[in-house]
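Student: I would like to learn how to read a model of this kind, feature by feature. Could we go through it together, beginning with strand pairing?

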Amino acid sequence: MTDMTTASPAAVARNAGSLLEHGDRTRNRHASERRFRILGLIAVGFGILALVGLLTSILVNGVSSFRQTYVTLDVQLDEAKLDKTGNRNTEELRKVTTFVYAPLIEKALAQFIEERGIAVEGLTKKDVSGIISKEAPASLRSVVLADPSKIGGTVSFDVLTDGRIDGYYKGRVTMASAELDRNVSPAQLKLADALKDAGALNTRFNWDFLTAPDASDTRPEAAGLGVAILGSAYMMLIVLALSLPIGVAASIYLEEFAPSNRITDTIEVNIANLAAVPSIVFGILGLAVFINYAGLPQSAPVVGGLVLMLMTLPTIIIATRAALKAVPPSIREAALGIGASKMQTIFHHVLPLAAPGILTGTIIGLAQALGETAPLLLIGMVAFVREYPSAPPEGFFDPASALPVQVYNWTQRGDPAFVERASGAIIVLLIFLVIMNGLAILLRRRFERRW
Amino acid sequence: MTPSILALIVLALMVVGYILGRQRALSLAKRDGVRLHSLPGYYGQSVALFTAVPAFVLLGVWLFLQPVLIENQISATIPDSAIPEGGARSLVMADVRRIADGLDLVVEQGNISEDDLAVMRADISNVRSRLAEVGVALGSNVQPAVFEAAKSYRSIGKTASFWRNIAVLAAALGSGFLAWSRVRPAMRARNVSETFIRALLMASSFIAILTTFGIVASLLFETIHFFRIYPAKDFFFSTIWNPQFRGGSDLGILPLLWGTFYVSLVALLLAVPVGLMIAIYLAEYAGKSLRSFAKPAIEILAGIPTIVYGLFALITVGPFLRDWIAQPLGLGDSSSSVMTAGLVMGIMLIPFVSSLSDDIINAVPQSMRDGSYGLGATQSETIKKVIMPAALPGIVGAILLAASRAIGETMIVVMGAGAAARLDVNPFEAMTTVTVKIVSQLTGDTEFASPETLVAFALGLTLFVFTLGLNVLALYIVRKYREQYE
């Protein structure tokens, strides 16, 4: 044995034992194999964990924005204050500001507290009305303006509570944090609890979050996504109306007609590169060309739509070309063989067969465009917009917001309640994306043919 | 008549053209008792195309050229005396445009008639308050010369729009009529309209070139403008980024490039190993069931908008890193940091790296694997010693593509990296990137012609050149590699 040690160590290991037992080296190699495998598994696990973590974080933070706390009050609409002349003239009613409506709500709340004998310790009158949202008078005003005949009577009105009170029932605000908060006191929270026990205060599903316009910094409880959803919808319409025909036309040319020469090569290279240009550069293009040069209005869906159209075009062209390529040549040859012209072959036979693939690509392109944020920031869509854009086509030129931009906008605000709103908006955005992608998958499964 | 109404009229004419063309072909064929060369619809189609397309092309060109031509004409009439000290002619022109828009509003609301406006003079009546009534706020009183320019801007604009309408309608009717009168049974209508459509298809494919041209032109034009008022040497080599609202800013790109590079580096350090391992595991080890579940799950990450990642960085990752790592270790107390943005961006890039590498690994021929197994190599040895070297060029291409994504990414860094431009090596400090500064310089309130705003175009051009270079290189490498095994 001793003289064998002079040979190489590997030889020792190899000759030492039986074939059925692994030597050290083999064991090492197998251990390293296992390590490598585990490393791979960890990587896959990390990827899935990241997805789960991302979605959970957004869901946990955002789900509460779909619920909102209201106080139901019987508000007396005092005719002497709201309509001095008594003729229900809408013009005159419009001149009555929210400052007139605010005391009505405060009175109704004070009355309710008094009737039920709710003890309010250490709260001034201002503190009591502080649990009502600053938006409440404005919504009461719009209720009255919509139906002036209510003046003089008493309406049961769901009043928005202040964002902090709402946060208390969602766990964002606690007694301890209220102690340190300048905007809310523990006594106010106790009052809210008392109202809840009396059955006036409840937390329910919040449709306004989906339909109401944005609200100012101090009124997170009233902020909604109405304008943003409408703006995004307008932009998607423009993107669809422009990029689908242009993209399909360009693809047909490149796939079916283009001679292989320098110009075609240039176009192909351009499309490939455009797909990789950072989105913010498209924003700069939009700002320079559509706003500064062509003089289109800022924050308008038309500019956003044009910019997103240019971004979506490469996606659609690539998908359409793949779909056209997938149609077997036998179809073309059969059509040509019975005397169809090339154009007829394409428009009557190839294009309908490629349509599912084209639509799938278009929907995926639209989904990408829907989530795009950076270029929209540059063309001024971050502006604070409270007015709904009017119906198309004029509405395309009205200022509007967009879903992803609204998210960004809300994250820039001071009140932590806006973080909840931003996460809620993301949930809405993700739901739209899931629907669009689901539709694309469905289309592909249902109609895509394999030859 | 607005352009959109004009477009609708042209579309209506197109429909009329189709019907008339078809009818003429049919009736002529009936009268002469001959057969049509093409199906009757093609005669209509050719008339319709000749009606609409020239009119739309003319409308497009007109809308494109009108602003420039009018601007130049008006700009020349403004005397030098009307331009304030240290101001630029372009600023005065911006005022002219705003006043003209305001006057449109005043007239529209019926506060003043066109005739009154024609004799209105800025030195007598108070134009500023009139405009304020309709919501157009002006910084100072209107100078007579500027006001006159605004009035002629309006009137030239009006005349131009009038002639535009006439010209477009004339083009539609004229060429439509010409096409209609050429309709004969013997006319090869199908060939005519097919050639026409083919030209339209070709024109659509030129949009891609036009877009690239638009990007390059808008970036280049304003960048040249920027370098005229700010020295290029300072921009490229200064280490200080300190824009001032009142001018006298330091606009050095180096801190921004450093931030961009650092964030991208962190992102790639996370995304490349993880993405690569995922690709290897899914391609070589994973069973069918795991693969069919894990691959789509990871690709979902690629479909999530970047704003979602941005919010994730802002509300989850940032505070977590600050409270659990940065503060206990005394490395800083900012929740937005290079690490925050880098890690989140890394997660975003994982599917990008993994799906590209997956394709590349699958493209390595099975014979190479079999050869390696035959020599007694374990699976991991085969991967490390045979597959990786064979796939290396493709993987390098994938990494370069991911790097170009990282450099151009905006929302994650806007929400996660911070806004402080600094040259630091501590990854838990807030730093800023080129894209963050493009956003902040272009969404601020500074005057458009100031270097503080124009610098965004120079930054954009830098970004464009970098990402384009990386992409071209990556595509070149990937293409070269692909040929190897085909």
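Tutor: Let us begin with the strands, keeping in mind that this is a predicted model. In chain A, strand S1 (residues 67–76) pairs with strand S2 (residues 154–160) in the antiparallel sense, and seven bridges join S1(A) to S2(A). To find the register, look for residues that face one another across the pair: Thr72(A) stands opposite Asp158(A) in S2(A).

Student: Which strand does S1(A) join through five bridges, and in which sense do the two run?

Tutor: That partner is strand S3 (residues 201–205) of chain A, and S1(A) and S3(A) run antiparallel. Here the register can be read from Gln68(A), which stands opposite Arg204(A).

Student: How many helices and strands does chain A have, and how spread out is the chain?

Tutor: Chain A has 20 helices and three strands. For its spread, one compares the radius of gyration with a rule for globules: the value for chain A is 32 Å, well over the 22 Å that the rule gives for 451 residues, so chain A is more spread out than a compact globule. Along the principal axes, its C-alpha trace spans about 105 × 85 × 40 Å. Of the 451 residues in chain A, 43% are buried, and among its contacts with a separation of 6 or more, 78% are between residues 24 or more positions apart.

Student: And what does the same reading give for chain B, in helices, strands and radius of gyration?

Tutor: Chain B contains 17 helices and two strands. Its radius of gyration is 31 Å, whereas the globule rule gives 23 Å for 486 residues, and chain B is therefore more spread out than a compact globule. The box filled by its C-alpha atoms is roughly 90 × 75 × 35 Å along the principal axes. The buried share of the 486 residues is 43%, while residues 24 or more positions apart supply 75% of the contacts in chain B with a separation of 6 or more.

Student: How many residues of each chain take part in the contact between chain A and chain B?

Tutor: For an interface, one counts the residues on each side and then asks what kind they are. Here 71 residues of chain A are in contact with 66 residues of chain B. On the side of chain A, helix H2 (residues 24–62) gives the most, with 20 residues, and that side as a whole divides into 50 nonpolar, 17 polar and four charged residues.

Student: Which residues have the most contacts inside the largest nonpolar core?

Tutor: They are Leu311(B), Val344(B), Val353(B) and Ala402(B), in a core of 190 residues. Helix H9 (residues 254–285) of chain B gives the most to this core, with 19 residues. Setting aside neighbours within four places in sequence, the contacts of Leu311(B) include Ile58(A), Val407(A) and Ile426(A), together with Met415(B). There is also a second, separate core of 34 residues, which includes Ile131(A), Ile132(A), Val144(A) and Tyr168(A).

Student: Finally, what should I look for in the backbone angles?

Tutor: Most residues other than glycine have a negative phi. Ser299(A), which is not a glycine, has a positive phi of about 55 degrees, and this residue is found in the loop between helix H14 (279–293) and helix H15 (301–326) of chain A.

Student: Is Ser299(A) buried or exposed?

Tutor: Ser299(A) counts as buried because 23 C-beta neighbours lie inside 10 Å, the cut-off for a buried residue being 20 or more.

Definitions and conventions. Residues are numbered from 1 along each chain as its sequence is written. Chains are lettered from A and ligands numbered from 1 in the order in which they are written. This is a predicted model: local features need pLDDT of at least 70, side-chain atom pairs count only at pLDDT 80 or more; totals for chains, interfaces and linings use all residues. Two strands pair if DSSP finds at least two bridges between them. Helices (H or I, at least four residues) and strands (E, at least two) are DSSP runs, numbered from the N terminus. A nonpolar core is a set of buried Ala, Val, Leu, Ile, Met, Phe, Trp, Tyr and Cys residues joined through C-beta atoms within 7 Å. A residue is buried if 20 or more other C-beta atoms lie within 10 Å of its own, exposed if 12 or fewer, and partly exposed in between; C-beta atoms are placed from the backbone. Two residues are in contact if their C-beta atoms, placed from the backbone, lie within 7 Å. The radius of gyration is taken over C-alpha atoms; the globule rule is 2.2 Å times the number of residues to the power 0.38. Ala, Val, Leu, Ile, Met, Phe, Trp, Tyr, Cys and Pro count as nonpolar, Asp, Glu, Lys and Arg as charged, and the others, Gly among them, as polar.
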